[in-house]
Amino acid sequence: MKPLKATPANIKRAAAVIRRGGVAAFPTETVYGLGADGFNPGACARIFEIKKRPRFDPLILHAASLAQTKKLFSKIPKPALKLMKKFWPGPLTLVLPKAKIVPGIVTAGLDTVAVRVPAHPVALKLIKLSGRPIAAPSANLFGGLSPITARHVKNQLGNGPDIILDGGKTRVGVESTIIAFLGGKPVLLRPGGVAVEKIERTVGKLFTPSGAAKKPLAPGGLKKHYSPAVKLKLINNESEARPGTRSAYLAFSKRPLGKYKKAELLSAKGCLREAAANLFKCLHSLEKKGVEVIYAERVPCHGLGRAIMDRLKRASNE
Ligand code: TXA
Ligand code: MG
């Protein structure tokens, strides 16, 4: 089925799909999600099948309000509540002890659950009309690039989802920041749409997973995760790249001097927020060019630059 414009009537259709145990792709402010009824294990299982995602990688539950999220946790530490009030709706996911009603398939058997309230009118309306939290990973094939347009979803998942809602290009462009609370400490599991510095202003210094626990916490933190189909090489500047018809170039703020099959620019202004919003669109575009290598410039590692560097490092398998 072709993506359908996210009109009120089509959002209603998508909600009906979710309620009867189907799978609907929908826009959020970060990337497109592949959603199913978060309380229906069979429906959630289909997400894994469509994405070809291993079952040990848990899903994020999307809720429409803070009140709705509270029913999904068994315990909310005070600093976590502060973050919820400050950043929801928005690109922040919290990992906290799960309530009994959350099925094991959502959390891959963990005793914690990841939850967020997306800041996107289509996503919020869809969750409200569905009448339950929506479990949704990014709507790409496992290991593939995250989709920021309905077309990206269609290209990767084809007729997998029962419906794809088209809400245009997403605003933030990288996935949500994921914070867990372990032994009372805030731990950064994935840098993303909310800058780490902003979160630290609310809850103090964030810990790294290795500093806080022994076993891997974000199973999706598998090293190679956001990978274009083409080899990606991280570089400090253009002198490290080899121009030619078999290479592509991802620049931060200045176009490269050499000739490449295709070059993309993340932000002419050198704005990290704009760069994050363009990241996956540029990677999708370069990946399509049939080149052997994509040279990608490192970006400054602060603000949303951290989320960008995280994705680029994983894509390069560094
Ligand atoms: O912006 C986003 O977060 C997007 C949109 C659709 O909301 N979703 C997204 O989902 O990026 P996904 O599945 O691609 O990434 C979720 C990550 C995975 O790496 C998963 O391992 C981690 O969250 N995660 C989920 N539940 C967890 C838990 N209980 N403990 C640790 N990590 C968890
Ligand atoms: Mg993903």
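# Cores, a sheet and salt bridges

User: Which residues have the most contacts inside the largest nonpolar core?

Analyst: The largest nonpolar core has 63 residues, and those with the most contacts inside it are Leu83, Leu92, Ile179 and Ile199. Helix α2 (residues 41-51) gives the largest share of this core, namely six residues. A nonpolar core here is a set of buried Ala, Val, Leu, Ile, Met, Phe, Trp, Tyr and Cys residues joined through side-chain atoms within 4.5 Å. Buried means under 20% relative accessible area, exposed means over 50%, and partly exposed lies in between (1.4 Å probe, protein chains only).

User: What should I keep in mind about the model itself?

Analyst: This is a predicted model, in which local features need pLDDT of at least 70, side-chain atom pairs count only at pLDDT 80 or more, and totals for chains, interfaces and linings use all residues. Residues are numbered from 1 along each chain as its sequence is written, chains are lettered from A and ligands numbered from 1 in the order in which they are written, and side-chain values use heavy atoms, with hydrogens and water left out.

User: Back to the core, then: what is Leu83 in contact with?

Analyst: Leaving aside neighbours within four places in sequence, Leu83 is in contact with Trp88, Leu92, Leu94, Ile179, Phe181, Ile199, Thr202 and Val203, where contact means heavy atoms within 4.5 Å. There is also a second, separate core of 31 residues, which includes Val172, Ala248, Val299 and Ala307.

User: And which residues of α2 are buried?

Analyst: They are Ala43, Cys44, Ala45, Ile47, Phe48, Ile50 and Lys51, and the buried residues of this helix pack against β3, α5 (104-107), β7 and α7 (150-157). Helices (H or I, at least four residues) and strands (E, at least two) are DSSP runs, numbered from the N terminus.

User: What comes right after α2?

Analyst: The helix is followed by Lys52, whose phi is positive, near 55°. Lys52 is not a glycine, and its place is in the loop between α2 and β4 (60-62). With a relative accessibility of 63%, Lys52 counts as exposed. Ala108 also is not a glycine and has a positive phi of about 55°; this residue is found in the loop between α5 and β6 (112-116) and is partly exposed, with a relative accessible area of 27%.

User: Why point those out?

Analyst: Most residues other than glycine have a negative phi, and most peptide bonds are trans. On the peptide side, a cis bond joins Trp88 and Pro89, with omega at about -5°, and Pro89 has its place in the loop between α4 (78-87) and β5 (92-97).

User: New topic: what order do the strands of the open sheet have?

Analyst: The open sheet of four strands has the order β11-β14-β12-β13, with parallel pairing, and two strands pair if DSSP finds at least two bridges between them. At the edges stand β11 (231-235) and β13 (260-265), each with a single partner strand, so one side of each is left without a neighbour in the sheet. On average, neighbouring strands of this sheet are turned by 20° against each other, direction ignored.

User: How many bridges join β11 to β14?

Analyst: Five bridges join β11 to β14 (residues 293-297), and the two strands run parallel; Lys231, for instance, has Val293 in β14 as its bridge partner. Helix α10 (residues 272-287) packs on the sheet, touching β11, β12 (244-251), β13 and β14, and its direction makes about 175° with that of β13. Axes are lines fitted to C-alpha atoms, for helices over the stretch in contact, and angles run from 0 to 180 degrees between N-to-C directions.

User: Last thing, how many salt bridges are there?

Analyst: The count comes to ten, where a salt bridge is a side-chain nitrogen of Lys or Arg within 4 Å of a carboxyl oxygen of Asp or Glu. One of them pairs Arg132 with Asp37, the closest N and O atoms being 3.0 Å apart. Arg132 lies in the loop between α6 (121-130) and β7 (134-135) and Asp37 in strand β3 (residues 33-37), so this pair ties together parts that are 95 residues apart in sequence.

User: Is Asp37 buried or exposed?

Analyst: Asp37 is buried, with a relative accessible area of 4%, whereas Arg132, at 22% relative accessibility, counts as partly exposed.

User: And which residues are linked in a network of salt bridges?

Analyst: The network links Glu175, Asp310, Arg311 and Arg314. Within it, the side chains of Asp310 and Arg311 meet at 2.7 Å, N to O, and both of these residues are buried.
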